[in-house]
Amino acid sequence: MYRQELRRGLTSPRVLLRMAYIQEGLGHYPAALYYLSLAHRRKPTYATWRKMTELAQSYRLAGYPDTWKTKLLITFRRYYYTVLQALLIGAVLVGVFLLVRHRASRSLWLSYGLYVLGVGFYLNFLRPSTVGLVARPHSALMSGPSAGAAWLTTARAGDRLLVRDQQDIWYRVEWRNRDAYIRRNDLLLVD
């Protein structure tokens with residue numbers, strides 16, 4: 001029943017946490033981490049992140065740092081969409097005000113333009129990063145987007161990777177501060 005709700009997009013973070021609990025009870029830790037990641041993506045909390053790091057540490061998985069930077073990032077992500085909505089509403093209201101007011105000075109228009117550029121920066125460069133979880137055990141991380149590229153390492157099911165972009169059937173991911181490539185079938189994106 002929960003999976004059907006997930007396919008229809010009707011799941012709340014609470015339902016996702018229940019699904020993670022069920023999967024953890026069944027011993028399916030990659031599925032539990034996936035549902036925890038989905039819940040954390042929709043509603044970032046320290047408790048969800050702590051549970052993810054506990055599971056990751058017990059199975060020796062990579063990509064789950066528990067540092068002060070991560071806690072700061074969780075706080076920022078919690079309010080990202082609320083701040084974005086406020087910035088966009090402000091941009092619309094000020095824009096309408098400037099259009100209605102026929103004799104707005106150039107300095108007001110310049111200030112408004114800088115404000116809109118700031119909103120664009122916030123929207124494009126501060127948005128949450130795309131992450132993926134390795135779906136299959138012993139997934140190969142390659143140095144290039146080709147089966148003939150040099151093999152870097154083998155990732156475990158449940159490893160969390162930062163996704164940079166996609167090339168054909170490959171995702172370019174960050175692995176230990178360097179670029180690596182993994183097949184699309186081996187990675188589940190957290191959306």
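1. Start at the end of α2: the residue that follows the helix is G27, and its phi is positive, near 90°. Keep in mind while looking at that angle that this is a predicted model.

2. The helix before G27 has a length that checks out. α2 has 14 residues, and at 1.5 Å a residue these should span 20 Å; the end C-alpha atoms are 20 Å apart, which agrees.

3. Which residues of α2 are buried? They are V15, L16, M19, A20 and Q23. Looking down the helix axis, you'll find the buried residues of α2 within an arc of 145°, so they line one face of the helix. Turn to the face pointing away from that buried side and you meet the exposed residues R14, Y21 and G25.

4. L16 leads straight into the core. The largest nonpolar core has 24 residues, and L16 is one of those that touch the most other members, together with L33, Y35, L38 and Y64. Two or more residues come from each of α2 (13–26), α3 (29–42), α4 (46–58) and β1 (131–134). Which element gives the most to this core? That would be α3, with eight residues.

5. Y64 is worth a click of its own. Leaving out residues up to four places away in sequence, Y64 touches L33, W49, M52, T53, A56, L133, G158, D159 and R160. L33, one of these contacts, is also on the list of core residues that touch the most other members. There is a second core too, separate and made of 11 residues; V163, W175, A180 and I182 are among them.

6. Now the charges. How many salt bridges turn up in a search of the whole structure? Five. One of them pairs the side chains of K51 and E24, at 3.0 Å from N to O. This pair links distant parts of the chain, with K51 in helix α4 and E24 in helix α2, 27 residues apart. Are the two partners buried, exposed or in between? K51 has a relative accessible area of 29%, so it counts as partly exposed. E24, at 32%, is partly exposed as well.

7. R172 has two acidic partners to look at. The side chain of R172 meets that of D165 in a salt bridge (3.0 Å, N to O). R172 also forms a salt bridge with D179, where the closest N and O atoms are 2.9 Å apart. Through these shared partners, D165, R172 and D179 are joined into one network. As for accessibility, R172 counts as partly exposed at 21%. The cut-off for buried is under 20%, so R172 at 21% does not make it into that class. D165 is partly exposed at 28%, and D179 is partly exposed at 36%.

8. Last, the annotation. The UniProt record, an unreviewed entry, places the feature "transmembrane region" at residues 79–100 and 106–126. What does the model show there? For residues 79–100, the span is 95% helix and 0% strand, and the end C-alpha atoms lie 32 Å apart. For residues 106–126, the end C-alpha atoms lie 29 Å apart, and the span is 95% helix and 0% strand.

How values were computed:
Residues are numbered from 1 along each chain as its sequence is written. This is a predicted model: local features need pLDDT of at least 70, side-chain atom pairs count only at pLDDT 80 or more; totals for chains, interfaces and linings use all residues. Side-chain values use heavy atoms; hydrogens and water are left out. A nonpolar core is a set of buried Ala, Val, Leu, Ile, Met, Phe, Trp, Tyr and Cys residues joined through side-chain atoms within 4.5 Å. Buried means under 20% relative accessible area, exposed over 50%, partly exposed in between (1.4 Å probe, protein chains only). Helices (H or I, at least four residues) and strands (E, at least two) are DSSP runs, numbered from the N terminus. Contact means heavy atoms within 4.5 Å. The expected span of a helix is 1.5 Å times one less than its number of residues. The arc is that of the directions from the helix axis to the C-beta atoms. UniProt positions are given in the numbering used here, feature names are shortened, and annotations may be inferred rather than shown by experiment. A salt bridge is a side-chain nitrogen of Lys or Arg within 4 Å of a carboxyl oxygen of Asp or Glu.
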